[in-house]
Structure formats: structure tokens, C-alpha cells
Amino acid sequence: MRKSPIKRSKHIFKLSKDHHFTLLFSWKIRQGIKNGVQAERIRKYVRYFWHHDMQPHFRQEDDTLFAPLKDDKVQRAIAEHHEIRRKIDNALKTFDHEELSRQLLSLADAVDAHVRYEERELFPYLEQTLTEIQLAAIGKQLEEQPVVHDIYEDEFWIKAQ
């Protein structure tokens, strides 16, 4: 049975839309490894996605969405951001092919779990906890940020025929 999409406040919808691309990021890593793609090709994609999508997204959440609250739920998301950054740094520095593949899978799992936490638990909590005025102010700040989409030319995740 398919669940209907999560209803998200219009003020933070941009961040949820980004999460769609981030879940695809994890899926693409897993597909690439499953299809036996050279880990170096996947690492290049991780570097691209980190700089063009995930890092700006984390900044928007940390500096804008999470600014009004610093409770345990928000602190968990911030800690997960740090852990994902650490996993990306490690993957970008590893040169052993097998170790890199393990790190990439670990990264994909961490990113996937993080997005699901934010979408299923944290965002609904913030929507209930923050006032409409706070959410509107957050939405205004997010509107000023550039929209980034995953446009990567090497489609390594597509199985070659």
C-alpha cells in the first residue's frame, strides 16, 4: 500500500524538495556500486553533489531552519550533518577501492536515514512547534537562496547495456 506524500508547510517545502534529490543521491551511489562501477567515478559524483547541493542545503537548514530552536531533535539533525560531512571527507581521501566502496555505502545509508529522520520526525515537529510568523520568516530567507538541482553528466548509476 502506497502512502500519500507528506504534507509540508509551504515555507519549508523547498527543503523537502531538496531531500528528494538527496535520496536519489543515496540511490545512485548504491546503484553504481551494485553495477560494479569504479568507485572513483562515484567519488567524483559525491564531490560534485556535496559542493553543489548537500553543503548549501545543510547551511540553509543549520543557519535558517534550525536557528529558532536548539533542542534535542534539532541537535540530532546538526550532529548528523557533522557525521555526514565526516563520511564525505573520509570518502574523498580514501584511495583503496574496496574501502572506498564500503565508505560510499556507509555514506549512502547515513544520508538516507538522515533525510528520513528530518522528513518523518523533525520537520513535522518544527511545523508544530514554530509559530506561523517564524515559519514565514524562515520561508522568506529560504526564497533568497539559490535553487540547486542535481545535473551530473556521468550517469554511472544507469546499468550499461
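Helices here are DSSP runs of H or I with at least four residues (strands are E runs of at least two), numbered from the N terminus. The model is predicted, so local features need pLDDT of at least 70 and side-chain atom pairs count only at pLDDT 80 or more, while totals for chains, interfaces and linings use all residues. Residues are numbered from 1 along each chain as its sequence is written, and side-chain values use heavy atoms, with hydrogens and water left out.

**Exercise 1. Place His 19 and work out what its side chain touches.**

Step 1: Start with the address. His 19 sits in helix H1.

Step 2: Check the accessibility. Buried means under 20% relative accessible area, exposed means over 50%, and partly exposed is in between (1.4 Å probe, protein chains only). His 19 has a relative accessible area of 2%, so it goes down as buried.

Step 3: Look for polar contacts, meaning pairs of N or O atoms within 3.5 Å; within protein, one must be able to donate a hydrogen and the other to accept it, and residues adjacent in sequence count only if both atoms are side-chain atoms. The side chain of His 19 has such a contact with the side chain of Glu 118, at 2.7 Å. The side chain of Glu 119 is also a partner of His 19, at 2.6 Å.

**Exercise 2. Follow Glu 119 to its salt bridge, and say which parts of the chain are linked.**

Step 1: Set the criterion. A salt bridge is a side-chain nitrogen of Lys or Arg within 4 Å of a carboxyl oxygen of Asp or Glu. Searching the whole structure turns up 12 salt bridges.

Step 2: Pick out the pair. Glu 119 and Arg 8 meet through their side chains in a salt bridge, 2.8 Å from N to O.

Step 3: Map it onto the chain. Glu 119 belongs to helix H4 (residues 97-129) and Arg 8 to the segment before helix H1 (13-34), so this pair links distant parts of the chain, 111 residues apart.

Step 4: Add the accessibility. Both Glu 119 and Arg 8 are buried.

**Exercise 3. Find what joins Arg 30 to helix H4, then describe how H1 and H4 pack.**

Step 1: Get the partner. Arg 30 makes a salt bridge with Asp 109, and their closest N and O atoms are 2.9 Å apart. That links distant parts of the chain, since Arg 30 is in helix H1 and Asp 109 in helix H4, 79 residues apart.

Step 2: Compare with the buried cut-off. Arg 30 comes out partly exposed at a relative accessible area of 28%, and Asp 109 is partly exposed at 46%.

Step 3: Widen the view. Arg 30 and Asp 109 share a network of salt bridges with Asp 112 and Arg 116.

Step 4: Turn to the geometry. Two packed helices are described by the angle between their axes and the distance between the axes. Axes are lines fitted to C-alpha atoms, for helices over the stretch in contact, with angles running from 0 to 180 degrees between N-to-C directions. For H1 and H4, the axes come within 9 Å and cross at roughly 155 degrees.

Step 5: Classify the angle. Under 35 degrees counts as roughly parallel, over 145 as roughly antiparallel, 65 to 115 as roughly perpendicular, and the rest as oblique. H1 and H4 are therefore roughly antiparallel.

Step 6: Sort the contact residues. The contact of H1 with H4 has 12 nonpolar, 5 polar and 6 charged residues (Ala, Val, Leu, Ile, Met, Phe, Trp, Tyr, Cys and Pro are nonpolar, Asp, Glu, Lys and Arg charged, and the others, Gly among them, polar).

**Exercise 4. Do the same for Asp 62 and the H2/H3 pair.**

Step 1: Find the salt bridge. The side chains of Asp 62 and Arg 85 form one, 3.3 Å from N to O. Asp 62 lies in helix H2 (residues 39-65) and Arg 85 in helix H3 (residues 72-93), so they tie together parts that are 23 residues apart in sequence.

Step 2: Read the accessibilities. Asp 62 is buried at 17% relative accessibility, whereas Arg 85 is partly exposed at 22%.

Step 3: Check for another partner. The side chain of Asp 62 has a polar contact with the side chain of His 81, at 2.8 Å.

Step 4: Describe the packing. The axes of H2 and H3 come within 11 Å and cross at roughly 160 degrees. That makes H2 roughly antiparallel to H3.
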